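Hi,

Here is the structure I promised to pass on. Have a look at it first, and then read on for what turned up when I went through it.

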Amino acid sequence: CNNPGGVWLAGGTLEDCQIYSNAEAAVTIKDGTLRNCLIYGNTHEAISLESEYSYVENCTITENRGGVYVDTDVFDGNVFRNNILYGNVKDSNDFEYTDSEMAAFSCDFSCVIPPPSNGIGNVSTPPRFRNPAAGDFRLEAGSPCINTGTNQTWMSSATDLSGQPRILHGIVDMGAQEWACHISVPADWWIEHGF
């Protein structure tokens, strides 16, 4: 909760963070990696990419005044994958992303509405958050973001924002948190079945 901005990342890795309620760019990246982060409720853009060596992976970016701003002089080398970029509002249009010349935004294996013209593995249907009104941006059963990311080497021993294994069901989910099936059963069920 900062004014004017939140995080300035110039090298290194920032992961497993919730970044919210900032008055300027929630995260400005000038080289470095942003991973497994939930970025929401900021009154300016969520992420400003100002380097060609910026990595944004497995983040959930939602309910911000703007989504992702990319400096067109450097955007070609950035990596943007396995993210959910949904439900952000730009001043005069519905795009989740923009850059200084409105050029195409490149991303892969992400939930982005509308989808960019370049990139692979993207989906463009709503991510189905569990209870966004209560600040719960975990995935609900049936989400198009479940098992639709692309696995990376760093994930083998990593955890997500909730502390669960980064890959739970063979293929990584998009966004900051893996979907886990939660089943409610009566308390006496455990006794009846020998647990």
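**Aromatic pairs**

Counting ring pairs by centre distance gives 4 aromatic pairs. Bear in mind that this is a predicted model. Take Tyr-40 and Phe-137 to begin with: their ring centres are 5.4 Å apart and the planes meet at 50°, so this pair is tilted. It links distant parts of the chain, as Tyr-40 sits in strand β6 (residues 38–40) and Phe-137 in strand β16, 97 residues apart. Both Tyr-40 and Phe-137 are buried.

Then there is Tyr-86 with Phe-129. Here the centres are 6.4 Å apart and the planes stand at 65°, so the pair is edge-to-face. Tyr-86 belongs to strand β12 (residues 84–86) and Phe-129 to strand β15 (residues 129–131), so the contact ties together parts 43 residues apart in sequence. How exposed is each partner? Tyr-86 is partly exposed, at a relative accessible area of 26%, while Phe-129 is buried, at 12%. These four residues also come together with Tyr-20: Tyr-20, Tyr-40, Tyr-86, Phe-129 and Phe-137 make up one aromatic cluster.

**The parallel sheet**

Next, the open sheet. Four strands line up in the order β2-β5-β8-β11, and the pairing is parallel. At the edges stand β2 (13–15) and β11 (79–81), each with a single partner strand, so one side of each has no neighbour in the sheet. From one strand to the next, the twist averages 5°.

β5 is worth a look on both of its sides. Towards β2, the two strands pair in the parallel sense over 3 bridges, with Glu-15 opposite Arg-35 in β5. Towards β8, 4 bridges join β5 (residues 32–35) to β8 (residues 54–57), and these strands also run parallel. Gly-32 has Ser-54 as its bridge partner in β8, and Arg-35 has Glu-57. If you put Arg-35 in the centre of the view, you can see Glu-15 of β2 opposite it and Glu-57 as its bridge partner in β8.

Which way do the residues of β5 point? Gly-32 and Leu-34 face one way, Thr-33 and Arg-35 the other way, and all are buried. For Thr-33, the relative accessibility is 12%, so it counts as buried. Setting aside neighbours within four places in sequence, Thr-33 is in contact with Leu-9, Gly-12, Thr-13, Leu-14, Tyr-55 and Glu-57.

**The nonpolar cores**

Leu-34, which points the other way from Thr-33, leads on to the core. The largest nonpolar core has 20 residues, and Leu-34, Ile-39, Ile-47 and Ile-61 are those with the most contacts inside it. Three strands, β4 (27–29), β7 (45–49) and β10 (66–70), each supply at least two residues of this core. Which of the strands gives the most? That is β7, with 3 residues.

For Leu-34 itself, not counting residues up to four places away in sequence, the residues touched are Leu-9, Leu-14, Val-27, Ile-29, Ile-39, Ile-47, Tyr-55, Val-56, Glu-57 and Cys-59. Ile-39 and Ile-47 on that list are also among the core residues with the most contacts.

There is a second, separate core of 14 residues, which includes Tyr-40, Ile-84, Cys-145 and Ala-176. Tyr-40 is the residue from the tilted pair with Phe-137.

**A loop residue**

One more residue to click on is Gln-177, in the loop between β16 and α1. Is Gln-177 buried or exposed? Its relative accessible area is 12%, so it is buried. Leaving aside neighbours within four places in sequence, Gln-177 is in contact with Phe-137, Arg-138, Leu-139, Asp-160, Leu-161, Ser-162 and Arg-166. Its C-alpha atom and that of Arg-166, 11 residues away along the chain, are separated by 7.7 Å. Phe-137 turns up here as a contact of Gln-177, as well as in the aromatic cluster.

**Confidence**

Last, how far the predictor backs all this. The average pLDDT for the chain is 83, and 79% of the residues score at least 70. Confidence is highest in strand β16 (residues 136–139), at 96, and lowest in helix α1 (residues 187–192), at a mean of 52.

Cheers

Key
Residues numbered from 1 in each chain as written. Predicted model: local features only at pLDDT ≥ 70, side-chain atom pairs only at ≥ 80, totals over all residues. Heavy atoms only, no water. Core = buried A, V, L, I, M, F, W, Y, C linked by side-chain atoms within 4.5 Å. Buried < 20%, exposed > 50% of the residue type's maximum accessible area, 1.4 Å probe, protein only. Contact = heavy atoms within 4.5 Å. Pairing = 2+ DSSP bridges. Axes fitted to C-alpha atoms, helices over the stretch in contact; angles between N-to-C directions. pLDDT = per-residue confidence, 0-100. Phe/Tyr/Trp six-rings, centres within 6.5 Å; stacked < 30°, edge-to-face > 60°.
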